[in-house]
Amino acid sequence: MVNFKRHILLPLLLATGLCAPSNLMADDQDFATDLSLGIKKDLTKRLDFSLGAGARLKNNSSELDRFSAEGGFSVAAIKKWVDLDAGYVFIADWNGPEDEYYSYRHRYNIGLDLYHKLGKRLTWDVRCKWQSTYRSEKMKTYKWDPKDYLRIRLGFDYKIKKLPFAIACRNAILYRQKF
């Protein structure tokens, strides 16, 4: 039997407390929503393939701001400690009713994940990811002028006993554009 306070509410409050300081600071008074859905398939014991889609809503979650589609591979370099991954993301940003067109971005990334289980339910991870993004300057034209970023993220996952999901907390600790 799942104890709601012990197995769901407490980990959710802890995760919210760890992530809240950076995630609750908004630039404006907009209630935006990020929606995403993904699937992952184990191809071998050490190699995974994933696909995902996402959408971001703005203006109090009433207008579509952008949508994206992504895919990638992950390989367990050192079992239970290190994963290497690579992926691609296609992003379409809506430029608003005054312009009435989408601008497109293409993002490539490679990453290194360090992780380890602490007990039966808690897992920590540190992710270092390099990503390169280029966008179209005008509709239907692409200019190769990539923006490169190095991102480092710290995270925790708490597996809820007897339930098929986990509560996750992720917080960026470095986001730097290379020049």
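The questions and answers below deal with a predicted model of one protein chain.

Q: How many helices and strands are there in the chain?
A: The order of the elements from the N terminus on is α-β-β-β-β-β-β-β-β. The chain therefore starts its list of elements with the helix, and strands follow. The count is one helix and eight strands.

Q: What share of the residues in the chain is buried?
A: A residue counts as buried when its relative accessible area is under 20%. The chain has 179 residues, and the buried part of them is 26%.

Q: Is Ser 68 buried or exposed?
A: Ser 68 belongs to strand β3, which covers residues 63–78. Its relative accessibility is 14%. The limit for a buried residue is under 20%, so Ser 68 counts as buried.

Q: What is the C-alpha to C-alpha distance in space between Ser 68 and Tyr 104?
A: In sequence, Ser 68 and Tyr 104 are 36 residues apart. Ser 68 is in strand β3. From C-alpha to C-alpha, the distance in space is 9.7 Å.

Q: How many aromatic pairs does the count come to?
A: Rings of Phe, Tyr and Trp pair if their centres lie within 6.5 Å. By this rule, the number of aromatic pairs is three.

Q: Why is the pair of Tyr 88 and Tyr 108 tilted?
A: The ring centres of Tyr 88 and Tyr 108 are 5.2 Å apart, and the planes are at 45°. Tyr 88 is in strand β4 (residues 82–94) and Tyr 108 in strand β5 (residues 102–118), so the pair links distant parts of the chain, 20 residues apart. Planes under 30 degrees apart would count as stacked and over 60 as edge-to-face. The angle lies in neither range, so the pair is tilted at 45°.

Q: Which of the words buried, partly exposed and exposed fits Tyr 88 and Tyr 108?
A: The relative accessibility of Tyr 88 is 28%, and the relative accessible area of Tyr 108 is 36%. Buried means under 20% and exposed over 50%. Tyr 88 counts as partly exposed, and Tyr 108 is also partly exposed.

Q: What is the angle between the planes of Phe 90 and Tyr 104?
A: This aromatic pair links Phe 90 in strand β4 with Tyr 104 in strand β5, 14 residues apart. The rings are 5.5 Å apart, centre to centre. The pair is stacked, and the angle between the planes is 25°.

Q: Which residues form a positive surface patch?
A: Arg 46, one of its members, is found in the loop between β1 (33–42) and β2 (47–58). With a relative accessible area of 46%, Arg 46 is partly exposed. Lys 80, with 58%, is exposed. The patch is formed by Lys 45, Arg 46, Lys 79, Lys 80 and Lys 117.

Q: What is the phi of Lys 80?
A: Most residues other than glycine have a negative phi. Lys 80 is not a glycine, yet its phi is positive. The residue is found in the loop between β3 and β4. Its phi is about 70°.

Q: Where does Asn 59 lie?
A: Asn 59 is not a glycine but has a positive phi of about 50°. At 37% relative accessibility, Asn 59 counts as partly exposed. Its place in the chain is the loop between β2 and β3.

Technical notes:
Residues are numbered from 1 along each chain as its sequence is written. This is a predicted model: local features need pLDDT of at least 70, side-chain atom pairs count only at pLDDT 80 or more; totals for chains, interfaces and linings use all residues. Side-chain values use heavy atoms; hydrogens and water are left out. Patches are made of residues with over 30% relative accessible area and no salt bridge: like charges are joined within 9 Å, nonpolar side chains (Val, Leu, Ile, Met, Phe, Trp, Tyr) within 5 Å. Accessible areas come from the Shrake-Rupley method with a 1.4 Å probe; for residues, only the protein chains shown count as cover. A salt bridge is a side-chain nitrogen of Lys or Arg within 4 Å of a carboxyl oxygen of Asp or Glu. Lys and Arg count as positive and Asp and Glu as negative; His and the chain ends are not counted. The place of a charge is taken as NZ of Lys, CZ of Arg, CG of Asp or CD of Glu. Helices (H or I, at least four residues) and strands (E, at least two) are DSSP runs, numbered from the N terminus. Buried means under 20% relative accessible area, exposed over 50%, partly exposed in between (1.4 Å probe, protein chains only). Rings of Phe, Tyr and Trp (its six-membered ring) pair if their centres lie within 6.5 Å; planes under 30 degrees apart count as stacked, over 60 as edge-to-face and the rest as tilted.
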